[in-house]
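Thank you all for coming; I would like to spend a few minutes on some backbone details. Please have the sequence and the structure open while I talk.

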Amino acid sequence: MGKLNVDLCGIMLENPVIPASGTFGYGYEFAQWYDINRLGTFSFKGTTREPRFGNPTPRIAECPSGMLNAVGLQNPGVRAVIEEELPRMSACFHKPVMANISGFSVEEYREVAEQLSPCPQIGWLEVNISCPNVHGGGMAFGTDPKAAAEVVRAVRDVTEKPVIVKLSPNVTSIAEMARACEAAGADAISLINTLLGMRIDLRRRAPILANTMGGFSGPAVFPVALRMVWQVYDAVKIPVIGMGGISTAEDVIEMMLAGATAVEVGAANLVNPYASLEILEALPEVMERYGIKSLEEIIGGAHRT
C-alpha cells in the first residue's frame, strides 16, 4: 500500500484527511459511529472568547450540489471548550487536534489563542479571519491584507504552536492575502472558506435564510477552491491545506497535485457522517490506480509538468 502520511508544520499525520471546523463538532459526536483516530486529525468547532448562540433560524438552506449556512459561530466560548469539551474529546481522540479560533477584534483573537495554546491536546491553531471586524467599520479581516496580518501577528505573539490561517475566497487576490499572512508569521494557509450566497423562497418572496446571506459550500465550489489552492501554492513557501467541496478520494489527489499538503472535508460530513472515513478508505485504491507510491511526493506535482 502507498504511503499516506504527510508532515503538517512539523507534526506527522498518518493521512491527510481532516474534517473541517463546523462540520465535525468536537469529534465525540462522530466517535459513536467509527474510530475517529483513523483520521489525520480534525478541526473542532470555531471558538470565540464569549459564548455565542449564533444567528436566528432558519440558518441552513439546500442548494444544487451544495448548501448554504449562516450558523453564526455558535459555540460555548473558550473557557467552556477548555473545561468541558477538550476533556470529553480526549476520551475518544488521542492525536493532536486542530483548534479553530475566531474573533471580532484583534484582542479577542489574541485572548482565545493565548488560552487555548497551553492545552496539550492542541497541535495547531487554525485562525479563521472571515469574521466581521467590528472595530473597522464592519470590514472582514479576511478581505484586507493589513488587517489579516495584524491578527496573525497578534496570535503569533502568544503561541509557539503552528498557526494556520483560514482564508476567505471572497477577495480580489487570494495570493495577496496569503503572502500577507506568511509575512506576518503564519506557518500554513488553509483555504477556502465558504463563498457568499443566498436563496429566495418563491412562495414567501423573501430570503430563505434569516440572515439573508450565508456561506455556500459543497461539490459545486470545488473548482474555485482548487484554483485558489493552485494560486496560493505558487505565492507562498509555507504549507497549504485545501478545502472546498471535497467529497471523494479523487478530489484529495487533485487538491494535493494543485499544492495541498493536507485537505479538509466539510459539507460532505453533514450529508454523510461516514464521509471522511470513506474518503480515507478509498485513497489507497485511487493511489494504486494512478501509480502513486507516496502522497507527500505528489504535493504540487501538477505545477511541475
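Let me begin with Thr-212, which at 30% relative accessibility counts as partly exposed, because that value falls between the 20% limit for buried residues and the 50% limit for exposed ones. Please bear in mind throughout that this is a predicted model. The phi of Thr-212 is near 70°, a positive value in a residue other than glycine, and the residue sits in the loop that runs between strand 13 and strand 14 (214–217).

Arg-205 also has a positive phi, of about 55°, although it is not a glycine. Where does Arg-205 lie? You will find Arg-205 in the loop between strand 12 (200–201) and strand 13 (206–207). As for its surroundings, Arg-205 has a relative accessibility of 78% and therefore counts as exposed, since the cut-off for that class is over 50%.

Let me turn now from phi to omega, and to the peptide bonds. Which residue is joined to Leu-191 by a cis peptide bond? The partner is Ile-192, and omega for this bond is about 10°. Leu-191 closes strand 10 (188–191), while Ile-192 belongs to the loop between that strand and strand 11 (195–197).

The other cis bond I want to show you runs from Thr-57 to Pro-58, with omega near 0°. Here Pro-58 is placed in the loop between strand 4 (43–47) and strand 5 (60–63).

Conventions:
Residues are numbered from 1 along each chain as its sequence is written. This is a predicted model: local features need pLDDT of at least 70, side-chain atom pairs count only at pLDDT 80 or more; totals for chains, interfaces and linings use all residues. Side-chain values use heavy atoms; hydrogens and water are left out. Helices (H or I, at least four residues) and strands (E, at least two) are DSSP runs, numbered from the N terminus. Buried means under 20% relative accessible area, exposed over 50%, partly exposed in between (1.4 Å probe, protein chains only).
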